[in-house]
Amino acid sequence: MNTLKIKYTCRADLVPAAEIIKNGGLVAFPTETVYGLGASALDGKAAEKIYRAKGRPSDNPLIVHLAFPWEAQRYCLTNRLFYRLAEAFMPGPLTVIMPKRKCIPDSVTGGLDTVGIRIPSHPAAHDLIDLCGVPVAAPSANISGRPSPTAFEHVLNDLDGRVDAVIDGGESLYGVESTIVKLTDGEDTVRLLRPGAITVEMLGLVCPDVTVDPAVTGKYDGVPLAPGMKYRHYAPSQPLTLLDGEDEKVYGFLRGRECGVICFDEDLPFVPSAAAVSCGSRDDPLRQAHRLFSCLRFFDGRDDVKEIYARMPSREGVGLAVFNRLAKASGFNVIKV
Ligand code: TXA
Ligand code: MG
């Protein structure tokens, strides 16, 4: 298939892409978190095409993207807490899981009776969804198992020739996927299923009771609430190991090793490897999040790099999302030095 490439400068650029989605096709588009691979969320057949293009297991549900929070009640059963979260954080990098209505096909939700709703803030994402006039189901626009795409080039590397169109909207602002919360029975309880740029602390300002699902910080064990949490994710081309320890111990471990290294700005003078890349300053988790997936793709095609080591990040604030992605990228493979 010949993939149409569209440079986003204004809403009018997106009209052909909206037509493709309305007609059951696939369009990769930028969002403020990562690039998404969109299809009509009301068209079960179109959603199935997403799974095929990505090589994604069919039990892993898709997030449904809307232009405005008030549209949510057409597709799911909203409650007061949803509107409080919407007022605080939408449009933005938050996905809220609620019981679905019948109009959302089973192929979109992987057979679950709930649906994840997100209202992206990136102007290209907003305009595209609004022009489509239908909700847009979209997972991250990567081949299943690979790091999520945060740039147009990442999407082309994974999906050129497999989708109808890709929209170039520059680098993603946050660089990690949306925070996912599930609204549980009570009106005042949310459960964090995936950490992102909306932090536990921020959620706590709106909801008194925020619990963090154990799958966020530990290896999947049992039936996860978000099916995606059980799959190996974000894997770079070479095996990745997380190094947990003080500076001197980490530098000592890496000395003389020929490997790829993902570290912080402050480490670069002390890490001799020619294949070292920094994801940002040690105390800047927003920057780390922004760069993380680029760093995980940095070693693609490098035959001289057989293994990659990454420094353990802090879990404070957005750092929890950086830790979660690195832990999953490594398959929870951590060495204490
Ligand atoms: O930032 C994002 O959320 C990006 C952009 C494109 O919006 N999308 C994204 O989608 O990260 P994806 O498919 O890569 O990750 C969606 C995650 C998966 O782990 C999936 O299992 C979970 O959300 N999920 C979706 N619907 C769910 C539901 N009804 N119940 C539980 N988990 C759900
Ligand atoms: Mg994904």
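A residue is called buried here when its relative accessible area is under 20%, and the legends below apply this cut-off to a predicted model.

**View 1. Y234, a buried residue with a positive phi in the loop between β11 and β12.** The backbone of Y234 has a phi near 60°, a positive value in a residue other than glycine, and the residue is found in the loop that lies between β11 and β12. With a relative accessible area of 4%, Y234 falls under the cut-off and is therefore buried. Most residues other than glycine have a negative phi, and most peptide bonds are trans.

**View 2. F332 and the cis peptide bond between M90 and P91.** F332, which is not a glycine, likewise has a positive phi, of about 60°, and it is found in the loop between α10 and β16. Its relative accessible area is 25%, so F332 is partly exposed. The other backbone feature of this legend is the peptide bond that joins M90 and P91, which is cis, with an omega of about 0°. P91 lies in the loop between α3 (80-89) and β5 (94-99).

**View 3. The open sheet of 11 strands, with helix α5 packed on it.** The strands of this sheet follow the order β1-β8-β2-β3-β7-β4-β6-β5-β9-β10-β11, and their pairing is mixed. At the edges stand β1 (4-7) and β11 (209-212), each of which has a single partner strand, so that one side of each is left without a neighbour in the sheet. Within the sheet, strand β3 (residues 36-40) pairs with strand β7 (residues 136-137) in the antiparallel sense, over two bridges, and A39 has A137 in β7 as its bridge partner. Helix α5 (residues 123-132) packs on the sheet and touches β2 (27-29), β4 (63-65), β7 and β8 (165-168), while its direction makes about 145° with that of β2.

**View 4. The buried side of helix α6.** In helix α6 (residues 152-159), the residues F152, H154, V155, D158 and L159 are buried. Because they cover an arc of only 160° around the axis, these residues lie on the same side of α6. Their packing partners are the strands β1, β2, β3 and β8 together with the helices α2 (44-54) and α9 (285-298). Just after α6, G161 takes a positive phi of about 85°.

**View 5. The open sheet of five parallel strands.** This sheet has the strand order β14-β13-β15-β12-β16, with parallel pairing. Its edges are formed by β14 (276-278) and β16 (334-336), and since each has a single partner strand, one side of each is left without a neighbour in the sheet. Neighbouring strands of this sheet are turned by 25° against each other on average, when direction is ignored. Strand β13 (residues 260-263) runs parallel to β14 and is joined to it by three bridges, and I262 stands opposite V277 in β14.

**View 6. Helices α8 and α10 across the strands of the five-stranded sheet.** Helix α8 (residues 247-254) lies across β12 (240-244), β13, β15 (308-311) and β16, and it runs at about 175° to β15. Helix α10 (residues 319-329) lies across β12 and β15, running at about 130° to β12.

**View 7. Aromatic pairs, with one stacked and one edge-to-face example.** The structure holds six aromatic pairs, among them the two described in this legend. In the pair of F68 and W70 the ring centres are 5.3 Å apart and the planes stand at 10°, so the pair is stacked. F68 has a relative accessible area of 28% and is therefore partly exposed. In the pair of F298 and F299 the ring centres are 5.0 Å apart and the planes stand at 90°, so this pair is edge-to-face. F298 counts as partly exposed at 40% relative accessibility, whereas F299, at 0% relative accessibility, counts as buried.

**View 8. Arginines placed over phenylalanine rings.** R257 lies over the face of F253, at 3.8 Å from the ring centre. R315 is likewise placed over an aromatic face, that of F323, at 3.8 Å from the ring centre.

Note on methods: Residues numbered from 1 in each chain as written. Chains lettered and ligands numbered in written order. Predicted model: local features only at pLDDT ≥ 70, side-chain atom pairs only at ≥ 80, totals over all residues. Heavy atoms only, no water. Pairing = 2+ DSSP bridges. Helix = DSSP H or I, 4+ residues; strand = E, 2+ residues; numbered from the N terminus. Contact = heavy atoms within 4.5 Å. Axes fitted to C-alpha atoms, helices over the stretch in contact; angles between N-to-C directions. Buried < 20%, exposed > 50% of the residue type's maximum accessible area, 1.4 Å probe, protein only. Arc of directions from axis to C-beta. Phe/Tyr/Trp six-rings, centres within 6.5 Å; stacked < 30°, edge-to-face > 60°. Lys NZ or Arg CZ within 6 Å of the ring centre and 35° of its normal.
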